[in-house]
Amino acid sequence: MTRKCKVAFAFMLLMSCRKAGMFSDCSDDLIWEGMSPDRKYVLSVVERNCGATTDYSTLVSLRSADQPLSLERQKWVHSLKGRRYVEAQWTGARSVGVRHEPADVFANQKRWKDVDIVYSVVSNPDH
C-alpha cells in the first residue's frame, strides 16, 4: 500500500470513529467566518484540537446561512493536517478562494452545491 493510500485509509478510519462518537475530547475554535455576497451561504475556517497525541487540523466548511454551525456534524470541504495559515474569502456570490501554506490535504472539494472553490498554496503567506 502506498503512503498516500495509507494516509487516506487512516483519515477515513478516524472520521468513521469520530462519527461513531468514539472521540469526544476534540475542541474546535472558529477562526473566521463570512457570509456570501447574496447572504445565502456561510464560509467558515475552524481549527480542531484533539489532544496531545493527535495533530491539529485546519478545516474549511460551507453551509446554508439558515443553518447554525454544528462542528460535530459539519461537512468539511477542505481539511489540512496541522495548524495552518488559511485565508478563505468569497470572490463572488457563487465562488470561494482558499489560500493556504503547504500541508497534507485530506479533503479538497472543488464544488459545494452551486459554489465553485479554487485553492492555491502559498509558500510564504503574508499573515
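**Exercise 1.** In this predicted model, work out how strand 5 (residues 86–92) and strand 6 (residues 95–100) run relative to each other, and how many bridges join them.

*Solution.* Start by finding both strands in the structure above. Follow the chain direction along each one: strand 5 and strand 6 run antiparallel. Next, count the bridges between these two strands, and you should reach 6. Now pick out one pair of facing residues: E87 stands opposite R99 in strand 6. Finally, look at the connection: strand 5 passes into strand 6 by a hairpin of 2 residues.

**Exercise 2.** Find the strand order of the open sheet of 4 strands, and explain why strand 5 and strand 8 each have one side without a neighbour in the sheet.

*Solution.* Walk across the sheet from strand 5, and you read the order 5-6-9-8. The pairing along the way is mixed. Then look at the ends: strand 5 and strand 8 (111–112) are the edge strands. Each has a single partner strand, so one of its sides has no neighbour in the sheet.

**Exercise 3.** Describe the whole protein chain: how many helices and strands are there, in what pattern do they follow, and what share of residues is buried?

*Solution.* First take the elements: the chain has 1 helix and 9 strands. Reading along the sequence gives α-β-β-β-β-β-β-β-β-β. Next comes burial: 37% of the 127 residues count as buried. Then turn to the outside, where the accessible surface is about 7900 Å², with 52% of that belonging to carbon and sulfur atoms. Last, consider contacts with a separation of 6 or more: 42% of them link residues 24 or more positions apart.

Conventions: Residues are numbered from 1 along each chain as its sequence is written. This is a predicted model: local features need pLDDT of at least 70, side-chain atom pairs count only at pLDDT 80 or more; totals for chains, interfaces and linings use all residues. Side-chain values use heavy atoms; hydrogens and water are left out. Two strands pair if DSSP finds at least two bridges between them. Buried means under 20% relative accessible area, exposed over 50%, partly exposed in between (1.4 Å probe, protein chains only). Contact means heavy atoms within 4.5 Å. Accessible areas come from the Shrake-Rupley method with a 1.4 Å probe; for residues, only the protein chains shown count as cover.
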